Amino acid sequence: MRFFTFRRGVPSLVLALTLMLALAPGAALAHERRTVGDYSFLVGFNNEPAIQGEMNGAQITVTKPSDGNRPVTGLQNTLKVSVAFGGGQPKEFPVTAVSSTPGRYVAGFIPTRAGSYIFTITGTAEEQPVNERFESGPGRFDDVDSATTLQFPDQVPLANDATRAAQSAAAQASEAQAAADSARSIAIAGVLAGVFGIAVGIAGLVAGASRRRAPVADVRTA
């Protein structure tokens with residue numbers, strides 16, 4: 001009877017532990033772990049899921065496996081973190097230590113676009129050189145989600161999205177206008193060339209007719 005009760009209780013226990021881990025503050029649900037020399041780097045977004053337009057940051061947790069997974073502290077003074085959206089120009093953000101979790105650091109920023117981000121970490125970890133590139137995506141850490149995916153009941157685009165949409169529409173309208181102006185100029189040039197050609201043809205006909213009507217001189221011998 002006890003064995004039966006234990007077996008029935010196992011799934012509930014597993015589910016409870018899973019929920020506790022998922023809801024635990026700072027739980028690394030979608031981070032990328034990588035060995036960098038003698039150290040282990042765990043990298044991802046500080047807040048997950050990462051939502052466009054909300055405060056977030058690049059979170060880096062550094063430990064030393066050969067020393068009992070010792071948290072490596074003081075790296076806010078020796079590591080630099082730059083962030084890039086897709087293949088765009090990177091920007092460096094200050095690195096701060098998380099006082100409640102030794103060995104954890106955050107380079108805070110607000111992701112203003114949904115999509116893939118690249119974190120480049122350079123500097124040193126206890127005198128060991130570090131130069132690592134972490135890119136969000138499947139199998140690594142999550143991309144930034146669009147804010148509209150979680151908006152309810154109305155989906156309201158962020159101001160920067162609306163601005164980019166307006167700029168894109170204006171650019172397309174400008175390109176269309178430029179194409180129309182170019183076509184109009186070509187058409188006008190064609191008409192002028194045609195008129196000029198007709199004028200030259202008429203002038204040639206008039207000149208030929210004049211030569212045919214000219215009287216022949218009366219040449220008399222003395």
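**Aromatic rings in a predicted model**

User: Which residues form one aromatic cluster?

Analyst: This is a predicted model, and a search of the whole structure turns up nine aromatic pairs. One aromatic cluster is made up of Phe45, Phe85, Phe93, Phe109, Tyr117, Phe119 and Phe141.

User: What kind of aromatic pair do Phe85 and Tyr117 form?

Analyst: Their ring centres are 5.1 Å apart, with 65 degrees between the planes. Planes over 60 degrees apart get their own label, so this pair is edge-to-face.

User: How many residues apart in sequence are the parts that Phe85 and Tyr117 tie together?

Analyst: Phe85 is in strand β5, residues 79-85. Tyr117 belongs to strand β9, residues 117-125, so the pair ties together parts whose separation in sequence is 32 residues.

User: Is Tyr117 buried or exposed?

Analyst: Its partner Phe85 has a relative accessible area of 30% and is partly exposed. Tyr117 comes in at 5% relative accessibility. The cut-off for buried is under 20%, so Tyr117 counts as buried.

User: And the rings of Phe119 and Phe141: what kind of pair is that?

Analyst: Phe119 sits in strand β9 and Phe141 in the loop between β10 and α2, 22 residues apart. Phe119 is buried at 0% relative accessibility, and Phe141 is buried at 0% too. The ring centres lie 5.2 Å apart with the planes at 20 degrees, so the pair is stacked.

User: Which ring does the charged end of Arg34 sit over?

Analyst: Look for the charged end of Arg34, 3.8 Å from a ring centre. That ring belongs to Phe134.

Note on methods
Residues are numbered from 1 along each chain as its sequence is written. This is a predicted model: local features need pLDDT of at least 70, side-chain atom pairs count only at pLDDT 80 or more; totals for chains, interfaces and linings use all residues. Side-chain values use heavy atoms; hydrogens and water are left out. Rings of Phe, Tyr and Trp (its six-membered ring) pair if their centres lie within 6.5 Å; planes under 30 degrees apart count as stacked, over 60 as edge-to-face and the rest as tilted. Helices (H or I, at least four residues) and strands (E, at least two) are DSSP runs, numbered from the N terminus. Buried means under 20% relative accessible area, exposed over 50%, partly exposed in between (1.4 Å probe, protein chains only). A charge sits over a ring if NZ of Lys or CZ of Arg is within 6 Å of the ring centre and within 35 degrees of the ring normal.
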